[in-house]
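Here's a quick briefing to read alongside the model. Keep the viewer open and click through the residues as they come up.

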Amino acid sequence: MDNPTGRVVSLVDNRRGARAVVEVDVAAACPRCAAGKGCGAGLLQPGGRRQIEVMVPDGVQPRVNDRVEVSLAPRNLLQAAVTVYGFPLTGGLAGAAFAYALVLGDTAAAVAALLGVAAGFAAGRWRLRQGACLGRFTPTIERLC
C-alpha cells in the first residue's frame, strides 16, 4: 500500500501538538481496494472518502485545502496489527490449550477459547488507550504535494 494523499480540511493546535484533519480517498490509497479486492475497510465510508486526524511534524506548515501525503511507519503499523489481532488470537489459543491440558473436554475448551479471545480484546483495548501507545499509531504528514 502506498502512502495516501489527501486534502487538509482543518487545522487544530492543542496540547497534543499541531494536528490536521485530512480527507483521504480510501480507494485511491490502496490499489487492491480500487480493484475491489481489498480488505473492505473502506466499504462503509460514504463516497469512498474518510477524514482522519494526523500529526503535523515540525517544519511542515500545511494550510486548509493543501494536498498532503500521509504516512504511518511500517513498524508502527505492524505493532497495531499485533495489538488488534494478535492479542485476541493468542488469548483464544491459550485458553483452548489450557482447557485441553487439563483434559476438561471440548465444551470447556470452546468456552475457555472464547474467554481467552475476550481477554485478548480487553488487553488490546487497554493497550491502545495508553497515551504513549496511541501516539505511535497516529499517522503523520510526510510532505506537501
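Gly-120 is buried, with a relative accessible area of just 5%; buried means under 20% relative accessible area, exposed means over 50%, and partly exposed is what lies in between, using a 1.4 Å probe and protein chains only. You'll find Gly-120 in helix H4. Bear in mind that this is a predicted model, where local features need pLDDT of at least 70 and side-chain atom pairs count only at pLDDT 80 or more, while totals for chains, interfaces and linings use all residues. Residues are numbered from 1 along each chain as its sequence is written, and side-chain values use heavy atoms, with hydrogens and water left out.

**Gly-120 and the H3/H4 pair**

- Not counting residues up to four places away in sequence, Gly-120 touches Phe-87 and Pro-88, where contact means heavy atoms within 4.5 Å.
- Tyr-85 sits 35 residues from Gly-120 in sequence, and their C-alpha atoms are 8.7 Å apart in space.
- Helix H3 covers residues 74–101 and helix H4 covers residues 106–129; they pack with axes 6 Å apart at an angle of about 150 degrees. That makes H3 roughly antiparallel to H4.
- For the geometry, axes are lines fitted to C-alpha atoms, for helices over the stretch in contact, and angles run from 0 to 180 degrees between N-to-C directions. Under 35 degrees counts as roughly parallel, over 145 as roughly antiparallel, 65 to 115 as roughly perpendicular, and the rest as oblique.
- H3 and H4 cross in a right-handed sense, that is, with the near helix turned clockwise from the far one by less than a right angle; anticlockwise would be left-handed.
- Sorted by class, the contact of H3 with H4 involves 14 nonpolar, seven polar and two charged residues. Here Ala, Val, Leu, Ile, Met, Phe, Trp, Tyr, Cys and Pro are nonpolar, Asp, Glu, Lys and Arg are charged, and the others, Gly among them, are polar.

**The chain as a whole**

- Five helices and five strands make up the element list; helices (H or I, at least four residues) and strands (E, at least two) are DSSP runs numbered from the N terminus.
- Read from the N terminus on, the order is β-β-α-α-β-β-α-α-α-β.
- The chain has 145 residues, of which 31% count as buried.
- Among contacts with a separation of 6 or more, 72% come from residues 24 or more positions apart.

**Strand E4: Glu-69 and Ser-71**

- Strand E4 spans residues 67–71 and includes Ser-71; Glu-69 lies in E4 too.
- Ser-71 counts as buried because its relative accessibility is 13%. Glu-69 counts as buried at 13% relative accessibility.
- What joins the side chains of Ser-71 and Glu-142? A polar contact of 2.6 Å does. The term means a pair of N or O atoms within 3.5 Å; within protein, one must be able to donate a hydrogen and the other to accept it, and residues adjacent in sequence count only if both atoms are side-chain atoms.
- Ser-71 and Glu-142 are 71 residues apart along the chain, with their C-alpha atoms separated by 6.0 Å.
- Leaving aside neighbours within four places in sequence, Ser-71 is in contact with Asn-3, Pro-139, Thr-140 and Glu-142.
- On that basis, the contacts of Glu-69 are Asn-3, Pro-4, Thr-5, Thr-140, Ile-141, Glu-142, Arg-143 and Cys-145.

**Two arginines in strands**

- Arg-19 belongs to strand E2, residues 17–25, and is buried with a relative accessible area of 9%.
- Which residues does Arg-19 touch, not counting residues up to four places away in sequence? They are Leu-11, Val-12, Glu-53, Val-54, Met-55, Val-56 and Thr-138.
- Glu-53 is 34 residues from Arg-19 in sequence, and 6.6 Å away in space, C-alpha to C-alpha.
- Arg-49 is in strand E3, residues 49–55, and counts as partly exposed at 41% relative accessibility.
- The C-alpha atoms of Arg-49 and Val-24 are separated by 5.6 Å, with their positions 25 residues apart along the chain.

**Backbone oddities in loops**

- Asn-65 isn't a glycine, yet has a positive phi of about 80 degrees; its place is the loop between E3 and E4.
- Val-103 isn't a glycine either, and has a positive phi of about 55 degrees.
- Val-103 is in the loop between H3 and H4, and is exposed, with a relative accessible area of 71%.
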